Amino acid sequence: MNMEKIQFLVEELVRAFGMTGHAVNTVTHVVLVIVAILLAALSGWICRKVVVPMVLKLTAKTEAKWDDLLFNERVLKTACSIVPAIVIWLVLPWTFSDFPTVRMVLARLTAIYITVMSTRAVIVFIDSFKLLENGPRSARQQYIYSVCGISKIVIIFIAIIVVIAIVVDKNPTTLFAGLGAASAILMLAFQDTIKGLVAGIRLTNNDMVHIGDWITLGSAGVNGRVEDISLTTVKVRNFDNTIVTVTPQTLVDGSFQNWLGMEQNVGRKQSRRVYFDFRSIRLDDDGVANITKFRHHIEEWLRENPKVIAEKNPLVRQAEASQSGCCLEFTFWLYAQAWADFEHDTADIMEYIFAASAEHGLTIFQLESSRGLTGQGTGSKGQD
């Protein structure tokens, strides 16, 4: 049964109720509008209540996981919002056949609505690709994020052109052709955005930083863990729980420090220097220098210390001497990686070294002043 027959049946039904003249035409159009609204509402209900559950059951029965993610409930329900508008678009010609102006305005509004909702459905569908990879430091996931971001920008740009074409009643291809002449102006106006997009792609594709990495960039006040990476922004939660947002361009142009290698490795390296007064170095009765015995003692003590990774061979070596005295450099790896634990363990070890040096007859170098030792005023130069 075509639309003309439906319109004829409605007119006959209206006349059957005793209406004549212009009233028949008016009531017929009102009834047709109500029928169109009911058909649109019914189609939307069927799509949401019948089609969506059916598709979800079908995807759940398959062994593949990608269809569950790409055709999830949010994507399907967003697509269902387009169906009522399509029904309205189809019934407009016979619903307002005697009102061409009204039909034209409603047709354009419906076309704009379909374009906007279709764009929204495509964007939701594109976002579902981000669920395909769940690894916190997956380079593939960040590449998908980059591609999704670019795709959404392109889709939105196309949708804007189509909407403008509908409003001015022009062919969209004509508007796209006209953009070629204005491309230079557009690139100049959006050069910062374009640079940000290129930097975001470089940042993710070159595997420079990942979500979950701890990075530091002093010039931007960044010292924390990366929580989100997009084409235009990188969001970092600092150690004090403040949120810092920087552009990918800032990270690409600057020199930032990524602590991922340290976190993936076992332990954290520490190296400290201590200067000893040459006048305190002497030979013991067995002919071995006290500073030599001190070096071997500290190395052995470090290997037995439960806070130190013995497999990485702690080392106490004699560095280049200076006017500050004989320099010993203490290098060791600690199990602790957290900032507070690492500093506390380092302090415990260095404090033992200071105390043990006195037992071996060594004197840690200190500057003297007119008021005596600098322990009373200027402080110690015992370490870097």
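This briefing describes a surface patch, the nonpolar cores and a sheet in one structure. The model is a predicted one. In the largest nonpolar core there are 20 residues, while the sheet has five strands and is open.

**Surface patch**
- L42, W45, I46, V50, V51, M54 and L58 together make a nonpolar patch of about 640 Å² on the surface.
- One of these residues, V50, is placed in helix α2, which covers residues 22–61.
- V50 has a relative accessibility of 37%, and because buried means under 20% and exposed means over 50%, V50 counts as partly exposed.

**Nonpolar cores**
- Within the largest nonpolar core, the residues that touch the most other members are F294, I298 and F330.
- At least two residues of this core come from each of β6 (268–276), α13 (290–304), β8 (326–334) and α14 (339–359).
- Leaving aside residues up to four places away in sequence, F330 touches Q270, S271, R272, V274, F294, I298, L315, V316 and I353.
- Another core, which lies apart from the largest one, has 16 residues, including L203, V226, V244 and V252.

**The five-stranded sheet**
- Strands of a sheet pair through backbone hydrogen bonds, and this pairing is either parallel or antiparallel.
- Here the strands follow the order β4-β3-β2-β1-β5, and the pairing is antiparallel.
- Strands β4 (243–246) and β5 (257–258) stand at the edges with a single partner strand each, so one side of each has no neighbour in the sheet.
- Strand β1 (residues 214–217) runs antiparallel to strand β2 (residues 222–229), and four bridges join the two.
- For T216, the bridge partner in β2 is N223.

Technical notes
Residues are numbered from 1 along each chain as its sequence is written. This is a predicted model: local features need pLDDT of at least 70, side-chain atom pairs count only at pLDDT 80 or more; totals for chains, interfaces and linings use all residues. Side-chain values use heavy atoms; hydrogens and water are left out. Patches are made of residues with over 30% relative accessible area and no salt bridge: like charges are joined within 9 Å, nonpolar side chains (Val, Leu, Ile, Met, Phe, Trp, Tyr) within 5 Å. Accessible areas come from the Shrake-Rupley method with a 1.4 Å probe; for residues, only the protein chains shown count as cover. A salt bridge is a side-chain nitrogen of Lys or Arg within 4 Å of a carboxyl oxygen of Asp or Glu. Buried means under 20% relative accessible area, exposed over 50%, partly exposed in between (1.4 Å probe, protein chains only). A nonpolar core is a set of buried Ala, Val, Leu, Ile, Met, Phe, Trp, Tyr and Cys residues joined through side-chain atoms within 4.5 Å. Contact means heavy atoms within 4.5 Å. Two strands pair if DSSP finds at least two bridges between them.
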